[in-house]
Amino acid sequence: SKADIGLIGLGVMGANLALNIAEKGFRIAVWNRTGSRTRGFAEAAGPLAANIIPCDTLEALKDAIARPRPVILMVPAGDAVDQQVAALRPLLDPGDIIIDAGNANFRDTRRRMNELAGTGLDFIGMGVSGGEDGARHGPSLMVGGPEASYRRIEPILNAIAARYEGEPCQAWVGPDGAGHFVKTIHNGIEYADMQMIAEIYGVLRDGFGLPAGEIAPIFAGWNRGRLNSYLIEITAHVLSVTDDRTGQPIVDVILDRAGQKGTGRWSAIESAHLGIPATTVESAVAARSISAMKALRQEAEKRFGLPPSGQLAPLSPEKVTMLEQALLAGKIIAYAQGFAVMAAASKEFGWNTPLGTVARIWRAGCIIRSQFLGEIADALDALPEAESLLLTDVFSGYLDNAHTHLRRLVAECALAGLPVPTLAAALGHFDQVRRATGTANLIQAQRDFFGAHGFERMDAEGSFHNNWPPL
Ligand code: 6PG
């Protein structure tokens, strides 16, 4: 019989997604640019091969799928997607759906949808999160595009997605590029989350002078509390693993230069376009860039010297609580920023993105999965028009206590010369937001002085210009 769905691109993510689909009882036709990989994939699929139709050509792939055909693209984001769409376009029939499951820039997704308008082909941009294991056993899926097309593939997505207390972690988050936008913000939050964890690790290592083996159980302990999440869990785990070659903790032999493929940066860029600050994401992206400047950092350390290590020692239970609470505060602020960016995009593009649902489908499967997201979902449900998660009962309640710890931590780190840029960005955001009277009156005075840009007054309506005395 014919396949229910097709998939193009059998890299790790594509292959695992195909196996996941086959395992759930759907027939899937697969094609890869290098034919040997297609055959090798089917041969290695064991009993699942019964549900897999390996195809040598795109034409064969098309013929193997029942109409209307859904075809998943799992190829590197960028040109490869355009090339595959161009190759498929003449082969497919009206009603067929191309599903880009890569980490695309949502602006590319919007362009591709426009380019296909009038062809009868539908395009779906689907964010897939959860790495290799998620793709194989249950990813979180953020779907954007025509709702009717989504409804047609929904049974398959329901079957393959991760589950949180029985609820599948997949949803339609809006038309257009909404799915890829939401995935981009997921990754932006992922960057901020990872960076703040790395900063706390740095404080424990350089400020308290602890070896990796003693830091691991601290994270493991936090994983049993409010910070419980996949990223905290893997942090405890990777900190406790030793290197086969040297017998040292593996983190001590891994070079401190982080890679980045673009989603974090897009997240910061889009937040800037929308005028919604995502300073935690920006600073996390910047921190990765600075991490890549190893030579500069080596020079600068020679030139300015390094503050002594272990200045914050000894570690006490109170300090552990301070670190945990500081991380919690930073995390709340980062998520509040990320959700505010999605709310603004939803408004700007008319997506009606269900933000509570987004939080819910992030509770399992994806990289930032945690119970915390369940609390965010509940808060958003209770207060769908909340201007900021920071003002919801639950999160403002957490922050009452947590922000004082964040403040102490950032202050102690500043004095000890320990970099905590993303935690500091979070604190800066909080302090700026909770102050009703800021300092932009001075900015307005400067603008009016040098450019007659005008200003508003506190005591009268309208726009004013001052008759400034010359310098
Ligand atoms: C996920 C991840 C996944 C991947 C990104 C991150 O949600 O499963 O975010 O998409 O890890 O590639 O990318 P970089 O850290 O390489 O930018």
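**View A. Pro314 sits in the loop between α13 (294-304) and α14.** This close-up, like the others here, comes from a predicted model. Follow the backbone into Pro314 and you will find that its peptide bond from Ala313 is cis, with omega near 0°. Most peptide bonds are trans, which makes a cis one worth a look.

**View B. A second cis peptide bond joins Arg67 and Pro68.** Here omega is about -10°. Pro68 belongs to the loop that runs between α3 (58-64) and β4 (70-73).

**View C. Asp176 has a positive phi.** The angle is about 65°, although Asp176 is not a glycine. Most residues other than glycine have a negative phi. To find Asp176, look in the loop between β10 (170-174) and α8.

**View D. The ligand is surrounded by 14 residues.** Which residues are the closest to the ligand? They are Ser129, Asn187, Gln260, Lys261 and Ile367. Two elements, α8 (178-207) and α11, give two or more residues to the shell. Of these, α8 gives the most, with 3 residues. If you are thinking about the chemistry of the shell, its classes read 10 polar, 2 nonpolar and 2 charged.

**View E. The ligand lies between two domains.** Step back a little and the chain is divided into domain 1 (5-176), domain 2 (184-433) and domain 3 (442-471). Why is the ligand said to lie between domain 1 and domain 2? Both of these domains give residues to the shell around the ligand, so the ligand lies between them. For a sense of scale, 56 Å separates the C-alpha centre of domain 1 from that of domain 3.

**View F. Helices α11 (residues 263-274) and α12 (residues 279-292) pack against each other.** Their axes are 9 Å apart and the angle between them is about 140°. Because angles must be over 145 degrees to count as roughly antiparallel, this pair is described as oblique. The crossing of α11 and α12 is left-handed. On the α11 side, the contact uses Gly264, Arg265, Ser267, Ala268 and Ser271. Facing them from α12 are Val281, Glu282, Ala284 and Val285. By class, the residues of this contact comprise 4 nonpolar, 3 polar and 2 charged.

**View G. Helix α12 also crosses helix α14 (residues 317-349).** The two axes come within 8 Å, at an angle of roughly 105°. Are α12 and α14 roughly parallel or roughly perpendicular to each other? Angles from 65 to 115 degrees count as roughly perpendicular, so that is the word for α12 and α14. Thr279, Thr280 and Val281 of α12 make the contact with Ile333, Ala334 and Gln337 of α14. The contact of α12 with α14 holds 3 nonpolar and 3 polar residues, and no charged ones. Val281 may look familiar, as this residue of α12 also takes part in the contact with α11.

**View H. Helix α8 crosses helix α10 (residues 230-239) at roughly 40°.** The axes of α8 and α10 come within 10 Å. What is the relation of α8 to α10? Since angles must be under 35 degrees to count as roughly parallel, these two helices are oblique to each other. The crossing of α8 and α10 is right-handed. From α8, the residues in the contact are Asp193, Met194 and Ile197, and they meet Leu231, Ile232 and Thr235 of α10. The split by class in this contact is 4 nonpolar, 1 polar and 1 charged. As a reminder while you compare the views, α8 is also the element that gives the most to the shell around the ligand.

Terms used
Residues are numbered from 1 along each chain as its sequence is written. This is a predicted model: local features need pLDDT of at least 70, side-chain atom pairs count only at pLDDT 80 or more; totals for chains, interfaces and linings use all residues. Axes are lines fitted to C-alpha atoms, for helices over the stretch in contact, and angles run from 0 to 180 degrees between N-to-C directions. Helices (H or I, at least four residues) and strands (E, at least two) are DSSP runs, numbered from the N terminus. A crossing is left-handed if the near helix is turned anticlockwise from the far one by less than a right angle, and right-handed if clockwise. Two residues are in contact if their C-beta atoms, placed from the backbone, lie within 7 Å. Ala, Val, Leu, Ile, Met, Phe, Trp, Tyr, Cys and Pro count as nonpolar, Asp, Glu, Lys and Arg as charged, and the others, Gly among them, as polar. A residue is near a molecule or strand if its C-beta atom, placed from the backbone, lies within 6 Å of it. Domain bounds come from an automatic or database domain assignment.
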